[in-house]
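Me: I'm new to this one. Can you walk me through what is in it?

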Amino acid sequence: MEIKEIQNEIVDEFSMFDDWMQRYEYMIELGKSLPLIDDAYKTDDNIIKGCQSKVWVHAELQDDKLIFTADSDAIITKGIIAILIRAFSNQKPKDIIEADTHFIDEIGLKEHLSPTRANGLVSMIKQLKLYAVAYQTQIN
Amino acid sequence: MLDINKIREDFPILKRKVNGQPLVYLDNAATSQTPKQVIDVIVDYYENYNANIHRGVHALSQEATDKYEQARIKIQKHFNAAKTHEIIFTSGTTHSINLVANGFSSILEKGDEVLVSAMEHHSNIVPWQMLCKRTGAVLKVIPMNQEGELLMDVYNELLSQKTKLVFCNHISNALGTINPIKEIIKKAHSVGAAVLIDGAQAAPHIVADVQALDVDFYTCSAHKVCGPTGVGMLYGKEEWLKKLPPYQGGGEMIAEVTFEKTTYADLPHKFEAGTPNICGGIAFGAALDYMNSIGFDEIAKYEHELLLYATQELLKIDGLKIYGTAKNKTSVISFNIDGIHPYDIGTILDKLGIAVRTGHHCAQPIMDFYKIPGTVRASFSFYNTKEEIDTLVSGVERARKMLV
């Protein structure tokens, strides 16, 4: 599936919820299903700066697609990164670079998009895209 | 007894809603809310006598100067300083500490020692580290126990003829511990060391009498005592303030300037370069008036009740642990729940309209001491109620159920 299709799917899922509580409960569930990073990659180098909780992300190229794994010590943060990874993992670097992230707004997590927000959603998106740029350069 | 409902009427912000819920503001240790009596003073300043001070011959300038200097006297009286010019207006506690640290650059020598407590805010650590780097002095730490109390016997051992400065907060922002500053000051003086007490967290709860304490420097910020942000004060004994060189150069702090030489103004202006936060200074005075009209004894008594009640109720929650259990503490509760990150709890509480602080509270060494990433911190003020504590407790319980 393309990134846009996955994003629409996520938006559809979140539209079923009436209130924030259900959205957060779902996000916590998603956090529990996050494809976890191998402990070997849980290094300081892989920590995303700008988060109040710790977030580690690892990326590797399999064939022409980028596979992300991650972890966090906070469960809501894990849920947010799980949503991002579901949209961006197993995609071509070029598509990741070009993807827009408007869907975060549509699923009612707009407040997390503020650059001053301590969870660093913006930093996470930036980091995923940076990985994509790095691997795209490698492919070229 | 305080009439809390009447007091709450003074704070317009307490009526607002957050995320559709009535605001429960429990982040008072970060900043206090502003009563309309202080807001009115701010509005009055800009509507009626906004002008630059100490310079103009015109009426507005004179009026603003008078009000600003009256505020200085209010602050002097509040802290019982011997002289008005021992009160320096600053932008806040951080500025005050940097001013003193900078001044000691020319006094400290290589091998001198400075002592700092283990429970300091970063703003009372970093300026001293920078000072030590500049001068070659050595920074030593007064350790604390698991309850969050300073080990006074170790402090005694650390003190020596080499000790030139001791820094300590009056009350810890992360743990709420009230430190035995009178004893700390007395012992430091017995070896000839000067003492700076960071009163940022103490000012909203306790009135420090700087003469009775015999403290060399005491600082606080207006925004923790119902005043505006961006203004605070440094108290310094006259002999020290005369000894320290100016911190920043500019207008206001000079007596005479030629390109060859500048002579500095007398105290307090020597340390007040540039146009100050005039409105902020005046509002700072009004904020102290407001708090004194309520009465610090009554405030302390009521906040202690809130602390006991909140402690008792929070501890009923499964897996909840409180950090900072000193015998002598103010209305600050830092806590975690087993297996849950403080950030997650804070996020859920925010959704419920409850404002708390999460994270390391600018006191990473304390978090390292307890080997935790941070805590959730609820801090109570005299305008908070037991009902709000009930809302907090049920919110934390709800968060716990969602997050475990």
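Reply: What follows covers the chain contact, the helices of chain A and the sheet of chain B. This is a predicted model, in which local features need pLDDT of at least 70 and side-chain atom pairs count only at pLDDT 80 or more, while totals for chains, interfaces and linings use all residues. Residues are numbered from 1 along each chain as its sequence is written, and chains are lettered from A and ligands numbered from 1 in the order in which they are written.

Me: How many residues does each chain put into the contact?
Reply: Chain A gives eleven residues and chain B gives eleven residues. Two residues are in contact if their C-beta atoms, placed from the backbone, lie within 7 Å.

Me: Which element of chain A gives the most to that side?
Reply: Helix 2 of chain A, with four residues. Helix 2 (20-32) and helix 3 (75-88) of chain A are the elements that give two or more residues there. Helices (H or I, at least four residues) and strands (E, at least two) are DSSP runs, numbered from the N terminus.

Me: What about helix 2 and helix 3 of chain A, how do they cross?
Reply: Their axes come within 7 Å and cross at roughly 75°. Helix 2 of chain A is therefore roughly perpendicular to helix 3 of chain A (65 to 115 degrees counts as that). Axes are lines fitted to C-alpha atoms, for helices over the stretch in contact, and angles run from 0 to 180 degrees between N-to-C directions.

Me: Which residues of helix 2 of chain A meet helix 3 of chain A?
Reply: Tyr24(A), Met27(A), Ile28(A), Leu30(A) and Gly31(A). Their partners in helix 3 of chain A include Ile76(A), Ile80(A) and Ile83(A).

Me: And at what angle does helix 1 of chain A pack on helix 3 of chain A?
Reply: Helix 1 (residues 3-15) packs there at about 140°, with the axes 8 Å apart. Among the residues that meet are Ile3(A) and Ile6(A) from helix 1 of chain A, and Ile83(A) and Phe88(A) from helix 3 of chain A.

Me: Switching to chain B. What is the strand order in the sheet?
Reply: The order is 4-10-9-8-7-5-6, in an open sheet of seven strands with mixed pairing. Strand 4 (87-90) and strand 6 (138-142) of chain B are the edges, each pairing on one side only. Two strands pair if DSSP finds at least two bridges between them.

Me: Do strands 7 and 8 of chain B run parallel or antiparallel?
Reply: Parallel, with five bridges joining strand 7 (residues 163-169) to strand 8 (residues 194-198) of chain B. Val166(B) has Val195(B) as its bridge partner in strand 8 of chain B.

Me: What lies across those two strands?
Reply: Helix 7 (residues 181-190) of chain B, running at about 175° to strand 7 of chain B.

Technical notes:
Parallel < 35°, antiparallel > 145°, perpendicular 65-115°, else oblique.
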